[in-house]
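Good morning, colleagues. Thank you for the opportunity to speak; please look at the sequence and the model as I bring them up.

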Amino acid sequence: MEIKGKKAVIVGGASGMARASAELLHQKGADVAILDLPNTAGAEVAAELDGTFHEVNVLDDAQVETALADAVAALGGLHIAVNTAGGGVAKRTLTKEGPHPIDEFRRTIELNLVGTFNLNRLQAFHMSTNEPEDGERGVIIDTASIAAFEGQIGQVAYSAAKAGIAGMTLTMARDLGSLGIRVLAIAPSLFSTGITKGIPDEFAEVLTKDAAFPKRMGRAEEYGKLAVAIVENPMLNGCCIRLDAGTRFAPK
Ligand SMILES: NC(=O)c1ccc[n+]([C@@H]2O[C@H](COP(=O)([O-])OP(=O)(O)OC[C@H]3O[C@@H](n4cnc5c(N)ncnc54)[C@H](O)[C@@H]3O)[C@@H](O)[C@H]2O)c1
């Protein structure tokens, strides 16, 4: 899909990989709307990109529906969606304090998997009303993690949630194929973003030691570049792409 003139919603766009995606899509001529939690840099980012900011907590279904509708109305349509809102809890299946709290497991699934699918079903609905361009009506990009495939000790809830995102990608692409809407996920290794800014350099070195090359944290714009490539290349569909410098996480 040609990016120039297209309308993009960027969920989690106040920071990190989504913010970098918004910047690159804007540079390539897309109109962008930033969706993120209140008390984030969402409004500033939107202003820098001549876009609009819409407050939303992806855990709140009603808010998601309203914020997305507002964003689509402000943009005048929707062709591209990038979704990164998510996160995890660090806890083993069985801890010294007892079994993994089930509410924490459930919340991680709600935030990452249910939150993403809720966005996707609504994004697909808005995209379905587009006039197709070369048969295409829209592109949805979700965010998994390489923990979906080789989760480390203490990542059981996060791995399950991200594996759900990776797992639903092909099925959703098949569901939406007849409408000309593509669905992909990106599975990053460790990236330098808002979520990871507290990690000291020495620890980052340990965490990236299993990469083939380069042995460093990913940069947010490297995710943005892949998001742009996904939008531009119509043959990419239905898969979860690892963006990981050849990393395979060890158990810890
Ligand atoms: N940074 C990494 O190393 C890494 C690796 C693999 C996967 N991920 C995934 O990437 C995503 C995080 O992106 P990032 O690394 O750019 O982090 P980030 O913290 O820089 O950006 C995430 C954005 O999502 C927003 N967000 C969080 N919870 C939200 C909610 N409930 N409702 C609305 N917005 C919410 C935050 O406010 C923030 O602006 C998560 O899904 C995470 O699991 C990150």
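Before I begin, one term is needed: two strands are said to pair if DSSP finds at least two bridges between them. Please also bear in mind that what you see is a predicted model.

Let me start with the sheet. Seven strands form an open sheet, in the order β3-β2-β1-β4-β7-β8-β11, and the pairing is parallel. As a general point, strands of a sheet pair through backbone hydrogen bonds, either parallel or antiparallel. At the edges of this sheet stand β3, residues 52-55, and β11, residues 240-243, each of which pairs on one side only. On average, neighbouring strands of the sheet are turned by 20° against each other, direction ignored.

I now turn to strand β7. Are the residues of β7 buried or exposed? Strand β7 spans residues 138-143, and six of its six residues are buried. Both of its faces are covered: G138, I140 and D142 lie on one side, V139, I141 and T143 lie on the other, and all are buried.

Which strands pair with β7? One is β4, residues 80-83, which pairs with β7 in the parallel sense over three bridges; here V82 stands opposite I141. The other is β8, residues 181-188, which runs parallel to β7 and is joined to it by six bridges. In that pairing, T143 of β7 stands opposite I186 of β8. Between these two strands, the chain passes from β7 through helix α5, residues 156-177, to β8, and this β-α-β crossover is right-handed.

Helix α5 deserves a further remark. It lies across β7, β8 and β11, and runs at about 165° to β8. Strand β8 in turn is joined to β11 by four bridges, and the two run parallel. Within that pairing, P188 stands opposite L243 in β11.

Finally, I come to the ligand. How many residues surround the ligand? There are 27, and the closest are G12, G16, G86, T193 and G194. Helix α1, residues 16-27, supplies the largest share of this shell, namely three residues. By character, the shell divides into 13 nonpolar residues, 13 polar residues and one charged residue.

To summarise, we have a predicted model with an open, parallel sheet of seven strands, a strand β7 that is mostly covered, and a ligand surrounded by 27 residues. Thank you for your attention.

Key. Residues numbered from 1 in each chain as written. Predicted model: local features only at pLDDT ≥ 70, side-chain atom pairs only at ≥ 80, totals over all residues. Near = placed C-beta within 6 Å. Nonpolar A, V, L, I, M, F, W, Y, C, P; charged D, E, K, R; others polar. Buried ≥ 20, exposed ≤ 12 C-beta atoms within 10 Å, placed from the backbone. Right-handed = clockwise from strand over helix to strand, strands pointing away. Axes fitted to C-alpha atoms, helices over the stretch in contact; angles between N-to-C directions. Contact = placed C-beta atoms within 7 Å.
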